[in-house]
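Reader: I would like a close look at one part of this model, with the empty space described in terms of what surrounds it. Please keep it plain.

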Amino acid sequence: MMIVYCTHEERAALPKVSVFFISLSVPDFVLDILWIAERSNSPGEDERAFFLWGLAILLIACAVNLVVTLYAIVHEMHENKFNHEKLCSECGGIPSAFILFMSVTNTDALLLLPWKYDDDTKRSFIFEQTGFPSKLVFFFSLFRLIEDGGQAALQTSYLTTHSGSLLTWVSMAFSWASIA
């Protein structure tokens, strides 16, 4: 993700802290999947409940994120603020489709999609403060909290009643860090 940031047209305007947390989204997502898989392979009825809740949070969040990501792209295309030609190309050697996938797992990655930045956008308060091309896209970026917050709360709950593996502790740490 850092390669995408380094080659982004408006990288000077993109908050470095946001880009740092976007780069945490890949290991966070993988760790959450591994944690859920660990719950599915663990004996006990309460383990099954944590597996089902973890899976539900992940699937619901991805479905919601898919809808808001596609809506943001379509909306911004109608406003002529999305560069659909670049979507099918590479961004710093990384296919833009990967960034689109990352947006479905963590909507903060919307920041790195190929938006068009006209002078009005660059002068807008939302762009100057967050680097997002519009208030709508910024608002949709907050939907990442569904998955991150849900997994963090579930893993914390798990640790209050179970002795956690290293995977549980690391996954929980990444989940809480992703909320910041």
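Which residues line the largest cavity?

Author: The model is predicted, and what follows is computed from it. The lining of the largest cavity consists of S25, D28, F29, T105, N106, E147 and D148. Two elements, α2 (16-40) and α9 (144-161), each give two or more residues to this lining. The largest share, three residues, is that of α2. Sorted by class, the lining has three charged, three polar and one nonpolar residue. The space inside is about 30 Å³, and the count of cavities of 30 Å³ or more comes to one.

The helix α2 can be followed further. It has 25 residues, and from first C-alpha to last it reaches 37 Å, close to the expected 36 Å. There is a kink of about 30° at S25, shortly before the proline P27. S25 is also one of the residues lining the cavity. The buried residues of α2 include S25, D28 and F29, and among the others are V19, F21, I22, W35 and R39.

α2 also takes part in the largest pocket, whose volume is about 180 Å³. This pocket is lined by 13 residues, of which S18, D108, F138, R144 and A180 are the closest to its centre. At least two lining residues come from each of α2, α7 (125-130) and α8 (135-141). Here too α2 supplies the largest share, three residues. The classes in the pocket lining are seven nonpolar, four polar and two charged residues.

Definitions and conventions
Residues are numbered from 1 along each chain as its sequence is written. This is a predicted model: local features need pLDDT of at least 70, side-chain atom pairs count only at pLDDT 80 or more; totals for chains, interfaces and linings use all residues. Side-chain values use heavy atoms; hydrogens and water are left out. On a 1 Å grid over the protein atoms alone, a cavity is a set of points where a 1.4 Å probe fits but cannot get out, and a pocket is an open set with protein on both sides within 12 Å along at least five of seven lines; lining residues have an atom within 4 Å of a point. Grid points are joined across faces, edges and corners, and a volume is the space filled by probe spheres set on the points. Helices (H or I, at least four residues) and strands (E, at least two) are DSSP runs, numbered from the N terminus. Ala, Val, Leu, Ile, Met, Phe, Trp, Tyr, Cys and Pro count as nonpolar, Asp, Glu, Lys and Arg as charged, and the others, Gly among them, as polar. The expected span of a helix is 1.5 Å times one less than its number of residues. The bend at a residue is the angle between axes fitted to the seven residues ending there and the seven starting there. Buried means under 20% relative accessible area, exposed over 50%, partly exposed in between (1.4 Å probe, protein chains only).
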